[in-house]
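User: Please take a close look at a single part of this structure and walk me through it. I am new to it.

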Amino acid sequence: MDKLQSAMDRFKAQQATQTAPRSNAPQAVAPAAIVYSRTRSIAIQEDVLRGHRLLTGHDSPFADVYKILRTQVLHRLRENGWNMLGVTSPRDGAGKTLTAINLAIATATEPTQTVLLVDADLRAPQIHEEFGLEQGPGLTEFLLDGRPIEELLLYPGLGRLVVLPGGRGTEQSAELLTSPRMTALGKELKHRYASRIVIFDLPPVLERADVLAFSPQLDALLLVVEDGRTLEPDLQQALQALKGSAPILGTVLNKVGYDQLSLSKAKRLAPTAQNQTR
């Protein structure tokens, strides 16, 4: 824990000296009510959400922690006029998918935001499993089979959140994420709705080429590490690999047993997102 925390602290100190200039972006305005006429609505039982440690519409043990993270992330995105955020980790098992989903849910409850959560871990898509759903068509089918995106989106009834699942797993993940069809989709997602934040659940940066290949389409990255699982050399290697890619907003220290922590301790463990210029 001490070595990993020291490495994260050094990273934050370095980032603090590279703060990007503030933009003159207008204040966020609450979007009009969304009518999901072409997006398939799905009913997710609350016990499934709780069992998978996901935020629910009611009080959740982790709600305050993710609200803190949401506030920090939204502050950095808004001051730079950004809306395309990738969530990754040095290696598998650090909790990046859980972080991406809960950050998306927390952000979607913000009255000025709509959120699209995209499962871009195409070799091992997992978001549908976390929602307790069977695997169905998703981003892979859009990219490989030409399925219309409107047929693939899901509305789970959690605030202003829409989900684009990954679909079937594929070994061509890095190639698909850099394909012309994905590039066109990325531009469409970025510019169509001014109030929308797009959060991509991405593969681990040290295990596949996908993150570095896809980073030109992102505005920023969030790096998830877990105490007891992520090694300091892996964190340092991941930070080095991501230099020159999308800016890293910050690191999220994922702790087992957050539900047993006091709020004050959880706040100390929550990330402090720092800016990095391109």
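Analyst: A residue is called exposed when its relative accessible area is over 50%, and buried when that area is under 20%. The model is predicted, and the part chosen here is helix α8, residues 180-191.

The length of α8 comes first. With 12 residues at 1.5 Å a residue, the helix should span 16 Å, and its end C-alpha atoms are 17 Å apart, which agrees.

Next, the two sides of the helix. Met182, Leu185, Gly186 and Leu189 of α8 are buried. These four residues lie on the same side of α8 because they cover an arc of only 105° around the axis. Pro180, Lys187 and His191 are on the other side of α8 and are exposed.

The buried residues of α8 have several packing partners. Among the strands, they pack against β2 (84-88), β3 (114-119) and β6 (196-201). Among the helices, they pack against α6 (139-145), α7 (173-177) and α9 (210-214).

Two of these partners, β6 and α9, are also tied to each other. Phe200 lies in strand β6 and Phe214 in helix α9, so their aromatic pair ties together parts that are 14 residues apart in sequence. The pair is edge-to-face, with 5.1 Å centre to centre and 65° between the planes. Phe200 and Phe214 are both buried. The count of aromatic pairs comes to 1.

One further contact involves a charge and a ring: the charged end of Arg181 sits over the ring of Phe142, 3.9 Å from the ring centre.

Key
Residues are numbered from 1 along each chain as its sequence is written. This is a predicted model: local features need pLDDT of at least 70, side-chain atom pairs count only at pLDDT 80 or more; totals for chains, interfaces and linings use all residues. Side-chain values use heavy atoms; hydrogens and water are left out. Helices (H or I, at least four residues) and strands (E, at least two) are DSSP runs, numbered from the N terminus. The expected span of a helix is 1.5 Å times one less than its number of residues. Buried means under 20% relative accessible area, exposed over 50%, partly exposed in between (1.4 Å probe, protein chains only). The arc is that of the directions from the helix axis to the C-beta atoms. Contact means heavy atoms within 4.5 Å. Rings of Phe, Tyr and Trp (its six-membered ring) pair if their centres lie within 6.5 Å; planes under 30 degrees apart count as stacked, over 60 as edge-to-face and the rest as tilted. A charge sits over a ring if NZ of Lys or CZ of Arg is within 6 Å of the ring centre and within 35 degrees of the ring normal.
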